[in-house]
Amino acid sequence: GVEKDDMRIAVSGDRLKIQASNDDREYDERVDLPANVDEDTGEATYNNGVLEVTFEKVDDGKDKEIEIE
């Protein structure tokens, strides 16, 4: 297995990047998320070999009205 100190997680918009390595192998995966997320709300736990990552979803489904000056 991989220790949590050997893992790196990054997110941009709707894509999650997971990297991990140990003496035997390297793991580099990109996961498309179902929606854009707020990168600042990311939390991750690693317990018994299970990585759980959560983010708050960004509500970008509505148009943002812009005032004309």
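Three strands of this predicted model form an open sheet, in the order E1-E2-E3, and the pairing is antiparallel. Strand E1 (7-12) and E3 are the edge strands, each pairing on one side only. As you step from one strand to the next, the twist averages 10°. Strands of a sheet pair through backbone hydrogen bonds, either parallel or antiparallel.

Let us look at one pairing in this sheet. Strand E2, residues 15-21, runs antiparallel to E3, and 7 bridges join the two. To find your way along this pair, start at Arg-15, which stands opposite Asp-32 in E3.

From E3, follow the chain onward. A loop links strand E3 (26-32) to strand E4 (43-47), and Thr-41 lies in this loop. What does the side chain of Thr-41 reach? It extends to the backbone nitrogen of Glu-56, at 2.9 Å. Leaving aside residues up to four places away in sequence, Thr-41 touches Glu-56 as well as Thr-54 and Phe-55. Of these partners, Thr-54 falls within strand E5, which covers residues 50-54.

That brings us to the other pairing. E4 and E5 are also antiparallel, and 5 bridges hold the register between them. One handy landmark here is Thr-45, whose bridge partner in E5 is Glu-52. The two strands make a hairpin with 2 residues between them. Where in this hairpin should you look for a positive phi? Go to Asn-48, where phi is near 55°.

With these parts in place, step back to the whole chain. Going from the N terminus, the elements read β-β-β-β-β, and the count is 5 strands and 0 helices. How much of the chain is buried? Of its 69 residues, 12% count as buried, a label given to residues under 20% relative accessible area. The accessible surface of the chain comes to about 6200 Å², and carbon and sulfur atoms supply 40% of it.

Finally, consider how far apart in sequence the contacting residues are. Among contacts in the chain with a separation of 6 or more, 21% involve residues 24 or more positions apart. The contacts of Thr-41 with Thr-54, Phe-55 and Glu-56 are a good place to return to when you trace the link between the loop before E4 and the residues at the end of E5 and beyond.

Definitions and conventions:
Residues numbered from 1 in each chain as written. Predicted model: local features only at pLDDT ≥ 70, side-chain atom pairs only at ≥ 80, totals over all residues. Heavy atoms only, no water. Helix = DSSP H or I, 4+ residues; strand = E, 2+ residues; numbered from the N terminus. Polar contact = N/O pair within 3.5 Å; in protein donor to acceptor, adjacent residues only side chain to side chain. Contact = heavy atoms within 4.5 Å. Buried < 20%, exposed > 50% of the residue type's maximum accessible area, 1.4 Å probe, protein only. Areas by Shrake-Rupley, 256 points an atom, 1.4 Å probe, with all protein chains shown as cover. Pairing = 2+ DSSP bridges. Axes fitted to C-alpha atoms, helices over the stretch in contact; angles between N-to-C directions.
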